[in-house]
Amino acid sequence: MHRLARDLAELVGSEVSATSPQGRFPAEEVDGQRLTGVDAYGKHLLAGFARGVSVHVHLGMRGKWLRFAPVTGPGLRQVRLRLAVPGVAWDLIAPSTCELLDAAGRAKVVGGLGPDPLRADGDPDEAYRRVGAPRGSIAAALLDQSRIAGVGNVFRAEVLHGMRMPPTRPAHSLTVEEFAELWARLQAMMRQAVDDGRIITVDAEDRLVVPEAESRRVYKQGLCYDCGTPIVTGTIDGRTTYACPQCQPKWTS
DNA sequence: ACTGTATGACAAG
DNA sequence: TTGTCCTACAGTT
């Protein structure tokens, strides 16, 4: 989402045409207004317009933005929102959320999120307090957006593997030092992903040509990238976890 | 043509 | 914990 915010920033400062070919978004409310900024907070995108209204987008698991330059035609029927300037169009497809928000609504979205490792204002001490709350596993805590914002199932699996920490490790058992390393690893991993435009955690000569199926060390892998041990999958709070039993041995207090 | 699954989040039970 | 959103794709029939 931070990568998208960066790319969508090419529209900032312009009077943007907004349409909803699909008809499920009141595009006329912002059509023709100047886009003042595009910001990412965790997995949320907020596009601010001149009159103080923001478009709030969450992609969920299926949403995507498609960029057309030059513009080859009107948006397809399933396009929820098209933001366009002469020569460039961005089409939003299948988002889980696309809504108009006033300043209060915007504050509510941002206020409901924990610190974001990719933001300058993301406070690791606050994240440690929230993630280390005395209940549940570190795996569950990492996906809780109100504790730390932006981490999804891929980053969770990959960062815990990098930490040599099993998903079942109690969140409250992490030391300050361990959390500091976790935060630093997340920052590095997520910044790299913003750079790459995708999540690649394996070593690669040419990051452009890494096949999707081989781009991670444990997530959706059969064997551990580091040691070759068969990856073990499980479920925590309804989400699949991936871990290497060799690299991430069971934690014993 | 059909089935199963998914980088997410929420409400209902 | 399950169902839902109701898209996309890989794998199977």
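Helices and strands are runs assigned by DSSP and numbered from the N terminus, with at least four residues for a helix and at least two for a strand. With these labels in hand, Ser-173 can be placed in the loop between H5 and H6. The model described here is a predicted one.

Ser-173 makes a friendly starting point for a walk through the protein. Buried means under 20% relative accessible area, and Ser-173 counts as buried because its relative accessibility is 15%. A polar atom of the Ser-173 side chain lies 2.7 Å from the backbone oxygen of Pro-170. Leaving aside residues up to four places away in sequence, Ser-173 touches Glu-178 and Trp-251.

The loop between H5 and H6 also holds Arg-164. This residue comes just after H5, and its phi is positive, at about 60°, although Arg-164 is not a glycine. With a relative accessibility of 38%, Arg-164 counts as partly exposed.

Next comes the helix that leads into this loop. H5 is mostly covered, and ten of its ten residues are buried. Among them are the nonpolar Val-154 and Phe-155, but also Arg-156, Glu-158 and His-161. The cover over the buried residues of H5 includes H4, H6 and E10.

Helices also help to build the interior. In soluble globular proteins, nonpolar side chains tend to be buried together. The largest nonpolar core in this model has 34 residues, and those with the most contacts inside it are Ile-138, Leu-142, Phe-155, Leu-182 and Leu-186. At least two residues of this core come from each of helix H3 (124-131), helix H4 (138-143), helix H5 (153-162) and helix H6 (176-196). H6 gives the most, with seven residues. A look at Leu-142 shows how such a core is knitted together: not counting residues up to four places away in sequence, Leu-142 touches Ile-148, Val-151, Arg-156, Val-159, Leu-160, Leu-182 and Leu-186. Another core lies apart from this one and has 26 residues, including Leu-4, Ala-18, Phe-49 and Leu-59.

The strands and loops offer details of their own. Strand E9 (residues 232-236) and strand E10 (residues 239-243) run antiparallel and are joined by five bridges. In one of these pairings, Val-232 has Ala-243 in E10 as its bridge partner. Two residues lie between the strands of this hairpin. Asp-237 is in the loop between E9 and E10, and its phi is near 50°, a positive value in a residue other than glycine. Is Asp-237 buried or exposed? Asp-237 is exposed, because its relative accessible area is 67% and the cut-off for exposed is over 50%.

Arg-51 sits in another loop, between strand E3 (44-49) and strand E4 (54-58). Arg-51 counts as exposed, at 71% relative accessibility. Its C-alpha atom is separated by 7.6 Å from that of Gln-33, although the two residues are 18 residues apart along the chain. A further loop, between strand E5 (64-68) and strand E6 (79-85), contains Pro-70. The peptide bond from Ala-69 to Pro-70 is cis, and its omega is near 5°.

The model also includes DNA. Around DNA strand B there are 13 residues, of which Lys-43, Met-61, Gly-152, Tyr-219 and Arg-239 come nearest. The residues of this surface divide into four nonpolar, five polar and four charged. Which part of DNA strand B supplies 74% of its atoms within 4 Å of the protein? The sugar or phosphate does, while the rest belong to bases. Individual contacts can be picked out as well. A polar side-chain atom of Lys-43 is 2.7 Å from a phosphate oxygen of DNA strand B, and an N or O atom in the side chain of His-58 is 3.1 Å from a phosphate oxygen of this strand. Asn-153 uses its backbone instead, with an N or O atom 3.1 Å from a phosphate oxygen of DNA strand B.

The residues around DNA strand C are Arg-24, Arg-62, Ile-93 and Ala-94. Of the atoms of DNA strand C that come within 4 Å of the protein, sugar and phosphate account for 38%. The surface near this strand has two nonpolar, no polar and two charged residues. A polar side-chain atom of Arg-24 lies 2.9 Å from a phosphate oxygen of DNA strand C, whereas Arg-62 has a polar side-chain atom 3.5 Å from a base nitrogen of DNA strand C.

Conventions: Residues numbered from 1 in each chain as written. Chains lettered and ligands numbered in written order. Predicted model: local features only at pLDDT ≥ 70, side-chain atom pairs only at ≥ 80, totals over all residues. Heavy atoms only, no water. Near = heavy atom within 4 Å. Polar contact = N/O pair within 3.5 Å; in protein donor to acceptor, adjacent residues only side chain to side chain. Pairing = 2+ DSSP bridges. Core = buried A, V, L, I, M, F, W, Y, C linked by side-chain atoms within 4.5 Å. Buried < 20%, exposed > 50% of the residue type's maximum accessible area, 1.4 Å probe, protein only. Contact = heavy atoms within 4.5 Å.
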